[in-house]
Amino acid sequence: MAQKKSAERVDGRGPRNDLMRDLGAVARRYMASYALFNQALADHLGLHPTDLQCLNLLGLEPGPVTTGRIAELTGLTTGSATRLVDRLEKSGYVTRRRDTEDRRKVLVAVVPERMAELGAVWGRLNGAWWEMFEAYGDDEIELITTHMRRTITLSTTQSERLRSGLL
């Protein structure tokens, strides 16, 4: 799917440069739009935006996880992840329990009923998202998915750079 770059003029102007400038502007609006959507959804649910995204990530995990794993998933410190779990537990979205194999570990598990409530809200919103993608062919969906996977990898790397002070 990779295509050859178009020729660029020496002065930095031309079709490719215009496309990249447009891409940069649209990407900024896209990221801001998603952050604001996440905030609106979190507000609707009475959650902090980070807590909402943590629930999103926990829903993708195969089972209960440690607070350390939550810190890895979210990029938070273990102390911040513990406070996040405290908030989620207080709001009834997760429970804590001792690991049966290693009693020193505490596992955090989502509460299925609360996740179903969250899923119901997503269900009311998802129709519009899926309709939007109906306009795309399979090759375009594959390209979008590839882009999203690459974005996840790059965002993780860039977040690690920022947190480590290697900017």
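Is D18 buried, partly exposed or exposed? Good morning, everyone; let's start there. D18 has a relative accessibility of 42%, so D18 counts as partly exposed. Before I go further, please keep in mind that this is a predicted model.

D18 has a partner. Its side chain meets that of R21 in a salt bridge, at 2.8 Å from N to O. Both residues are in helix α1, and because they are 3 residues apart there, about one helical turn separates them. R21, at 52% relative accessibility, counts as exposed; the cut-off for that word is over 50%.

Let's stay with helix α1 a moment. This helix covers residues 15-45, and M31 is part of it. M31 is exposed, with a relative accessible area of 54%. Together with Y30 and M148, M31 forms a nonpolar patch on the surface, and the accessible area of the three adds up to about 350 Å².

Now to helix α2, residues 49-60. How far apart are its end C-alpha atoms? They are 17 Å apart, and that agrees with the 16 Å that 12 residues should span at 1.5 Å a residue. The buried residues in α2 are P49, D51, L52, C54, L55 and L58.

I'd like to pick out two of these. The acidic one is D51, which counts as buried because its relative accessibility is 3%, where the limit for buried is under 20%. Leaving aside residues up to four places away in sequence, D51 touches L84, R87 and L88.

The other is L55, also in helix α2. L55 has a relative accessible area of 0%, so it is buried. What does L55 touch, not counting residues up to four places away in sequence? The list is L47, L88, Y93, V94, M115 and L118. L88, then, is a contact of D51 and also of L55. For a sense of distance, L55 and I70 are 15 residues apart in sequence, while their C-alpha atoms are 9.8 Å apart in space.

On to the sheet. It is open, has 3 strands in the order β1-β3-β2, and its pairing is antiparallel. At the edges are β1 (65-66) and β2 (94-98), each pairing on one side only. Strand β3, residues 106-110, runs antiparallel to β2, and 5 bridges join the two. If you want a place to look in the viewer, find R98, which stands opposite V106 in β3.

Back to charges for the last part. The count of salt bridges comes to 8, and D18 with R21 is one I have already shown you. Another is D86 with R96, where the closest N and O atoms are 2.6 Å apart. Here D86 lies in helix α4 (residues 78-90) and R96 in strand β2, so the pair ties together parts that are 10 residues apart in sequence. As for exposure, D86 is partly exposed, with a relative accessible area of 35%, and R96 counts as partly exposed too, at 28% relative accessibility.

Salt bridges that share partners also join E61, R69 and E72 into one network. Within that network, R69 forms a salt bridge with E72, with 3.2 Å between the closest N and O atoms. R69 and E72 are both in helix α3 (residues 67-74), 3 residues apart, or about one turn of the helix. R69 counts as partly exposed at 30% relative accessibility, whereas E72, at 58%, counts as exposed.

That's my tour; thank you for listening!

Key. Residues are numbered from 1 along each chain as its sequence is written. This is a predicted model: local features need pLDDT of at least 70, side-chain atom pairs count only at pLDDT 80 or more; totals for chains, interfaces and linings use all residues. Side-chain values use heavy atoms; hydrogens and water are left out. Helices (H or I, at least four residues) and strands (E, at least two) are DSSP runs, numbered from the N terminus. Buried means under 20% relative accessible area, exposed over 50%, partly exposed in between (1.4 Å probe, protein chains only). Contact means heavy atoms within 4.5 Å. Patches are made of residues with over 30% relative accessible area and no salt bridge: like charges are joined within 9 Å, nonpolar side chains (Val, Leu, Ile, Met, Phe, Trp, Tyr) within 5 Å. Accessible areas come from the Shrake-Rupley method with a 1.4 Å probe; for residues, only the protein chains shown count as cover. A salt bridge is a side-chain nitrogen of Lys or Arg within 4 Å of a carboxyl oxygen of Asp or Glu. The expected span of a helix is 1.5 Å times one less than its number of residues. Two strands pair if DSSP finds at least two bridges between them.
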